[in-house]
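Thanks for coming. I will talk through one chain today, starting with its fold and ending with its pocket.

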Amino acid sequence: MNFFNLKDINKTIENSNFNKLYGESVIMESAGLENDASTKIYDIFLSHSYLDSKQIYVIKKEIENMGFSVYVDWIEDFTLNRKNVNKKTALLLKKRMESCKSLFYATTENYQHSKWMPWELGYFDGIKGKVAVLPILFDENSIFEGTEYLELYPYVDKGASKQNLLINDNGCTSFLDWIK
């Protein structure tokens, strides 16, 4: 049930000299003001714990390599101040979620420590309903321990082709069909 295997993601980070390869890419993406998140429509709002930012960046890039656009707040809206979260932050995130077709809830190692993820999940589910869990854990037996409400949602899966995102809800549907 793991779309992305955390061991493989960590191996990618370790083998790629992440700070050199990905770190520079994040800085270059963030600095590119042509990337105007304020008017862009995204396929996926990637809800995640910032504590897992390296893994999230690898996941974002892999999904984008499949041809889908992915919103990650600290990349697209790099001026957000994580130390001064306020009503303006919430309003901006609401605006971004409204410009996304779906939300993937990434259950990485630190997702249970995020205060924002449950809020994003509830808000997005309320406005659009296109929410899926993106499971990224070692132990599938305890994947939703303490967050059993996540079992209400379908989960993201891989198709036979690495270019195919599937949404599994007691049967698989292609991501493109699901977001229609």
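What follows is a short walk through the fold, the cores, two cysteines and the pocket.

Please keep in mind that this is a predicted model. The chain has 180 residues, and 49% of them count as buried. It contains seven helices and seven strands. Starting at the N terminus, the order is α-α-β-α-β-α-α-β-α-β-β-β-β-α. If we take the contacts with a separation of 6 or more, 70% of them are between residues 24 or more positions apart.

Now the inside. In soluble globular proteins, nonpolar side chains tend to be buried together. Here the largest nonpolar core has 23 residues, and those that touch the most other members are I44, L46, I63, F104, L134, L165 and F175. Two or more residues each come from strand 1, helix 3 (53-65), helix 4, strand 3 (100-107), strand 4 (131-135), strand 6 (165-168) and helix 7 (175-178). Which element gives the most to this core? Helix 3 does, with four residues. Separate from this core there is another one, made of 19 residues, including F45, L93, C100 and M117.

Let me stay with F175 for a moment. Setting aside neighbours within four places in sequence, F175 contacts D43, I44, F68, S102, F104, L165, L166 and I167.

Next, two cysteines. Is C100 buried or exposed? C100 counts as buried, because its relative accessibility is 1% and the cut-off is under 20%. C172 has a relative accessible area of 47%, so C172 is partly exposed. As for disulfides, the structure holds zero.

Last, the pocket. Rolling a probe the size of a water molecule over the atoms shows where empty space is left. The largest pocket holds about 310 Å³ of space. Its lining is made up of 22 residues, and Y50, D73, R82, S114 and W116 are the closest to the centre. Strand 1 (42-47), helix 4 (73-76), helix 5 (87-98) and helix 6 (116-127) each give two or more residues to that lining. Strand 1 gives the most, with three residues. What classes of residue make up the lining? Ten are nonpolar, seven are polar and five are charged.

One thing to look for on the screen is strand 1, which appears among the elements of the largest core and also among those of the pocket lining. Helix 4 is on the list for the core and on the list for the pocket as well. That is all from me.

Conventions
Residues numbered from 1 in each chain as written. Predicted model: local features only at pLDDT ≥ 70, side-chain atom pairs only at ≥ 80, totals over all residues. Heavy atoms only, no water. 1 Å grid on protein atoms, 1.4 Å probe; cavity = no way out; pocket = protein on both sides within 12 Å on 5 of 7 lines; lining within 4 Å. Points joined across faces, edges and corners; volume = space filled by probe spheres on them. Nonpolar A, V, L, I, M, F, W, Y, C, P; charged D, E, K, R; others polar. Core = buried A, V, L, I, M, F, W, Y, C linked by side-chain atoms within 4.5 Å. Buried < 20%, exposed > 50% of the residue type's maximum accessible area, 1.4 Å probe, protein only. Contact = heavy atoms within 4.5 Å. Disulfide = S-S within 2.5 Å.
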